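User: Please take a close look at one pocket of this protein and describe its lining in detail. I would also welcome an account of how that part relates to the rest of the chain.

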Amino acid sequence: MLDQLFINCNTCGSLCEIEKSNTGSMVVIKATCCNNHTFHWRSQPEIDNKPAGNILIPAATVITGGSYESMKQFSNALNLNFVNKDQFYDVQDKIVFPVINNAYEKQRKDVIETIKKENTAANLCGDGRSDSPGHSAKYGTYTLMDEDSGKIIDFSLVQVSEVSSSNAMENEGCQRSLNKVIDQNVHIRSLSTDRHTQITSEMRKKYPSIIHQYEVWHLSKWIKKKLGKKAKTKINESLLKWIQPVSNHLWWCSQTCGGVAEVLHEKWVSILNHVVNKHRWKNGKRFRMCGHGHLSRRMERKTKWLEDGSAAYGSTRRGGSQ
């Protein structure tokens, strides 16, 4: 289709001989007519003598989570010209990654300055992620998020060779990020994490002024896993229908306790009464009845309650106490 645009000379209108070449993704056309009028055209603008597409393609690939191989195969299937592999990674290393990092550092600085200007203690959430599941991971990333703004305040990358094992990467990353935030004079009120034993121990010993809490999503996931394992046995199969309600109950407890640990505990263990169809009790200081209101007789008959003293109820009691 480009031939139709350049077949006639712009100066004299005579027929042109067209030569096409490529510089990565950019098409270069040289049109010369019989009167020696020459016209040059490029399909892309240039940035510092580099075709813009040869910079934007590696950038777009990184930003959308793609890879060179997948994009190359896509281009080959459509017979599109593409940057070569060396160009692709060179542009990423020298241009794309520094720009992304600068944008991240600027945003991180803005988030920290906002927290400091508001003169309030930060409530942070932290979690780690490895490059592979199980205990064979080589790299681990630990991320801290400001709970109030929902923005990332810091993250640390740890290589397994820096610590004793892949399981220790999460704890190391957590401490690195915490220390970086503390060094920038950010007052941290609380940190919510999963039930990582090393992090729990280090928070108690090294950061006693920071309230360490377990994040509800991880707790809920752990409880469902534990109860699901118990429910696989014949003797505990009646527990299966209660796994999701118990998880929902944990979320409700955390949302309605008002930040008071005693209320949270009493509401949480109240599930032990509810599952056996007991909705009022006397052994509570702050919470002595279920929060769902009166149940109709039809609902009571329809619900498959656990039997007090049964094996399934015993599994629930042990989960509740933990």
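Analyst: The residues that line the second largest pocket comprise seven nonpolar, twelve polar and seven charged ones. This description rests on a predicted model. In total, 26 residues form the lining of the second largest pocket, and the space within it amounts to about 780 Å³. Nearest the centre of this pocket lie Asp-127, Gly-128, Glu-170, Asp-194 and His-218.

Several elements of secondary structure contribute to this lining. At least two residues each come from strand 6 (122-130), strand 7 (139-146), helix 5 (169-183) and helix 7 (216-231). Of the contributors, helix 7 gives the most, namely five residues.

The position of the pocket follows from the division of the chain. The assignment recognises domain 1 (1-43), domain 2 (45-117), domain 3 (120-214) and domain 4 (217-321). Because domain 3 and domain 4 both provide residues to the lining, the second largest pocket lies between these two domains.

The remaining domains may be placed beside this picture. The C-alpha centres of domain 2 and domain 4 are separated by 50 Å. Within the bounds of domain 2, 45-117, an aromatic pair is found that belongs to a set of eleven in the structure. In this pair, the rings of Tyr-68 and Phe-82 are tilted, with a centre-to-centre distance of 5.8 Å and an angle of 45 degrees between their planes. Tyr-68 belongs to helix 3 (residues 68-78), whereas Phe-82 sits in the loop between helix 3 and helix 4 (85-117), so that the pair links parts of the chain 14 residues apart.

Domain 1 covers residues 1-43, and an open sheet of three strands may be considered next. Its strands follow the order 1-2-3 with antiparallel pairing. Strand 1 (16-23) and strand 3 (38-42) are the edge strands, each paired on one side only. On average, neighbouring strands of this sheet are turned by 15 degrees against each other, direction ignored. Eight bridges join strand 1 to strand 2 (residues 26-33) in the antiparallel sense. One of the bridge partners in strand 2 is Met-26, which is matched with Thr-23.

To return to the part requested, the second largest pocket lies between domain 3 and domain 4, and helix 7 supplies five residues to its lining.

Methods: Residues are numbered from 1 along each chain as its sequence is written. This is a predicted model: local features need pLDDT of at least 70, side-chain atom pairs count only at pLDDT 80 or more; totals for chains, interfaces and linings use all residues. Side-chain values use heavy atoms; hydrogens and water are left out. On a 1 Å grid over the protein atoms alone, a cavity is a set of points where a 1.4 Å probe fits but cannot get out, and a pocket is an open set with protein on both sides within 12 Å along at least five of seven lines; lining residues have an atom within 4 Å of a point. Grid points are joined across faces, edges and corners, and a volume is the space filled by probe spheres set on the points. Helices (H or I, at least four residues) and strands (E, at least two) are DSSP runs, numbered from the N terminus. Ala, Val, Leu, Ile, Met, Phe, Trp, Tyr, Cys and Pro count as nonpolar, Asp, Glu, Lys and Arg as charged, and the others, Gly among them, as polar. Domain bounds come from an automatic or database domain assignment. Two strands pair if DSSP finds at least two bridges between them. Axes are lines fitted to C-alpha atoms, for helices over the stretch in contact, and angles run from 0 to 180 degrees between N-to-C directions. Rings of Phe, Tyr and Trp (its six-membered ring) pair if their centres lie within 6.5 Å; planes under 30 degrees apart count as stacked, over 60 as edge-to-face and the rest as tilted.
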